[in-house]
Amino acid sequence: LPIGRSNLVWALGEVRAAGTVTPALRTAVAPHFGVREFDVDGVQGVVLFARPESVRDHGYVAKYATELEFRLAFEHAGEGIATVSLDGFFTRVNPRLGELLGRPPNELVGHHVQEFFHPTNTGRFEDTVTEAVMTGEARFERVYSRPDGAPVHVVVSSVLLRSKSGQPLHFIAHYNDTSALRAVEAQTRQSQQLAVVGRLAS
């Protein structure tokens, strides 16, 4: 089976029809395609990717497989993930981040990250840009606001993506919710304070 877009489409069609990767199909695509089956949070599928020796003249196949794998990881990640433009606007938001902020992803895309900051938040988007551009990454804490005004404490890990020529493209930001941890820490401090007061009163 020679490599090519039409054959890639044919192979995917065969997988769809059979509901699995048959031994015959695996043999047919073996010279040019690798097969990777996955099961992510109950979502099952197959990725066909070009072997290195075939990518030289057909880079679009490798690009397609890479983008598909990224999209699957992005959509089904257990943490909030977003792509953010260099000037601070959400350009893509995964479902988990939408859950954290209490809004559908499409209500976040196109808006500046600071539009959703909680009044108690300290720090601005611009504060982290310089660090991210110089070092390639930045890690910081932010407080976002849900529609009902409830604060959402997150730790953001942001990585700057560059083009092949080195030009900055955008950020990929990972959002980890620390609200529950903060609540436990606050409860622990309160218990310790009550214990101190109890000892002083006895």
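I started with confidence: helix α3 (residues 52-55) has the lowest mean pLDDT of the chain's elements, 46, and helix α6 (residues 105-108) has the highest, 95. pLDDT is the predictor's confidence in each residue, from 0 to 100. Helices (H or I, at least four residues) and strands (E, at least two) are DSSP runs, numbered from the N terminus.

This is a predicted model, so I note the rules: local features need pLDDT of at least 70, side-chain atom pairs count only at pLDDT 80 or more, and totals for chains, interfaces and linings use all residues. Residues are numbered from 1 along each chain as its sequence is written, and side-chain values use heavy atoms, with hydrogens and water left out.

Next I checked the whole chain, which averages a pLDDT of 75, with 55% of the residues scoring at least 70. Residues 1-5 are below 50, and I found 16 contacts for this stretch beyond near neighbours in sequence. Residues 52-62 are also below 50, with 14 such contacts. Contact means heavy atoms within 4.5 Å.

Then I looked up the sheet. In what order do the 5 strands lie? I read β4-β3-β7-β6-β5, an open sheet with antiparallel pairing. Two strands pair if DSSP finds at least two bridges between them. β4 (90-93) and β5 are at the edges with a single partner strand each, so one side of each has no neighbour in the sheet. The twist averages 30° from one strand to the next. Axes here are lines fitted to C-alpha atoms, for helices over the stretch in contact, and angles run from 0 to 180 degrees between N-to-C directions.

I went through the pairs:
- β3 (residues 80-84) and β4 are joined by 3 bridges, and Val-84 has Phe-90 as its partner in β4.
- β5 and β6 share 9 bridges; their hairpin has 5 residues in between, with Gly-149 in the turn at a positive phi of about 90°.
- β6 and β7 are joined by 9 bridges; Gly-166, in the turn of their hairpin, has a positive phi of about 95°.

α7 lies across β3, β5, β6 and β7, at about 160° to β5.

Last, I looked for empty space. How many cavities of 30 Å³ or more are there? I got 1, and the largest cavity holds about 150 Å³. On a 1 Å grid over the protein atoms alone, a cavity is a set of points where a 1.4 Å probe fits but cannot get out; lining residues have an atom within 4 Å of a point. A volume is the space filled by probe spheres set on the points, which are joined across faces, edges and corners. Of its 17 lining residues, Phe-125, Thr-128, Phe-140, Val-156 and Tyr-175 are closest to the centre.

Technical notes:
On a 1 Å grid over the protein atoms alone, a cavity is a set of points where a 1.4 Å probe fits but cannot get out, and a pocket is an open set with protein on both sides within 12 Å along at least five of seven lines; lining residues have an atom within 4 Å of a point.
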